[in-house]
Amino acid sequence: AFTAWFTTASPATYPALLNSVDLTTLPALMLQTAANFGLTSQDRIVPMVADAAGGATITTNLSAAAGLLEVANTFPDVIGNLAGLIGNMRNAILTVSPIHPGPYTIPTLLRCVSSFRGFIAVGLQGTILTSPDGETWTKQNSDTDANLYDLIYGAGQLVVVGQNGTILTSQNGINWISRAFGFGGDFRGITYSEGQFIVVGTGGIIATSSDAITWIPKKSNSAYDLRGVTHGSIPTSTIPILAGETIASLELLIAVGANGTILASPDKGESWYPQTLSDGDAGALFTEVTYGSERFFATKEKLEILISQNGINWTARAQINYGYGTGTACLNGLFIHTSNNGYGVVRLFVSSDGITWTSRFYREIGTACGGTYANGLFVFVGGYGTACSTLISRDGIGWTYQVIGNFGYVHRVIYANMTP
């Protein structure tokens, strides 16, 4: 569930802001902020106060106690109370006086942070779903009807990308802010690496941002639609021009897309270099790219997965003899690939090495793509018509299919731990 943390920072952290916050305002602040975040009685409120400086005078009163009682009545799952708050303020001079209620001030800064820990999925018509356990899902208000294609968690925030240049950000999974970019095409993939968000999309668009607010377009050297992007560490010994360098490894970005497009960037997305493929792969549509076990895996729409250790030399090593590939993921030491036959029948394949694959699921469920692993659970998402569905497994061998609501087709799912 969602948790609202209401804390006071250490006075030493904010030396210029030590004079004006009244402890008696805490209950009203908690209720107002909870309302702003859309919290309900099912959510948790945690009041916390850091140590006060020696000699500080802390005074509370009956109205503050009544205010905290109102918080407790509104949110049954309240951790901490007024006495607990005061008890945590060691080395302070404490005065509790119902007869002379004050108000008095405390030299500290009140702030509030909303946190979330769980699964987040995105899909058609602005669908954003959250789940604490991968089984029970809640639809959140994205304030857009654009199709959402991918998401990432980085730098303390969630970033979602989609149709018509849509970029949404959130720090709690509930409240979402649109970040205008001015691009009319679709963003199909996003990743986060070395302090940078990188998005890719139609017409070869690539843009980077350090904060997910201000985006800078980059020259991709490709006019073809890009469908996915990822990053991974490669040994410099595998790249002839870097062999003998003092650095042992390099963080490489890989983007893939239509007409056999595979692009590599060794410099945080500043420069992109097209890679040469064999004739049989030159016109292929790559639907996704992932990284695992020190290798990149590019999923072709039809039958094959290309594998590379350095992002330059690509080999067709895996044959998936079923339909159209929708995605490949490396999760908890397993490679998992999803395909559909174009008529709603989905197959899920599992491999320990990314080369030899075993079919583990076969059923008419529409489509499935986009998966993650957390808390001992593999979770893949998809849909059929208006029905949104998941495939769940504890071991990667036995899979359970579940329709989770009429939310429409869902493209991607990740797990995020946004606890401060």
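Start at the second largest pocket of this predicted model. Select strands S26, S30 and S34: each gives at least two residues to the lining of the second largest pocket. Then keep S26 alone. S26 supplies three lining residues, the largest share for this pocket.

How big is the second largest pocket? Its volume is about 290 Å³. Its lining counts 15 residues. To find the centre, select Arg227, Thr287, Thr326, Cys369 and Tyr409, the lining residues closest to it. Now colour the lining by class. You should get five nonpolar, six polar and four charged residues.

**Next stop: the largest pocket**

Move on to the largest pocket, with a volume of about 640 Å³. Which residues sit closest to its centre? Pick Ile152, Thr230, Glu288, Thr290 and Ile414 out of the 32 lining residues.

Now show the strands that build this lining. Each strand below supplies at least two residues to the largest pocket:

- S11, residues 148-154
- S15, residues 187-193
- S19, residues 226-235
- S23, residues 286-292
- S26, residues 315-331
- S30, residues 367-374
- S34, residues 410-417

S26, S30 and S34 are on this list, and they each supply at least two residues to the second largest pocket as well. Colour this lining by class too. The largest pocket shows 16 nonpolar, eleven polar and five charged residues.

**Zoom out: the whole chain**

Switch to a cartoon view. The chain holds three helices and 34 strands. Next, colour by burial: 53% of the 420 residues count as buried. Then turn on the surface. The chain exposes about 18,100 Å², and carbon and sulfur atoms supply 50% of that area.

How much of the contact map links residues 24 or more positions apart? Among contacts with a separation of 6 or more, such pairs account for 52%.

**Last stop: confidence**

Colour by pLDDT. The chain averages 78, and 72% of the residues score at least 70. Select residues 48-60, where the pLDDT is below 50. In the model this stretch has 53 contacts beyond near neighbours in sequence. Then select residues 80-114. Here, too, pLDDT stays under 50. The model gives this segment 95 contacts beyond four places in sequence.

Definitions and conventions: Residues numbered from 1 in each chain as written. Predicted model: local features only at pLDDT ≥ 70, side-chain atom pairs only at ≥ 80, totals over all residues. Heavy atoms only, no water. Helix = DSSP H or I, 4+ residues; strand = E, 2+ residues; numbered from the N terminus. Buried < 20%, exposed > 50% of the residue type's maximum accessible area, 1.4 Å probe, protein only. Contact = heavy atoms within 4.5 Å. Areas by Shrake-Rupley, 256 points an atom, 1.4 Å probe, with all protein chains shown as cover. pLDDT = per-residue confidence, 0-100. 1 Å grid on protein atoms, 1.4 Å probe; cavity = no way out; pocket = protein on both sides within 12 Å on 5 of 7 lines; lining within 4 Å. Points joined across faces, edges and corners; volume = space filled by probe spheres on them. Nonpolar A, V, L, I, M, F, W, Y, C, P; charged D, E, K, R; others polar.
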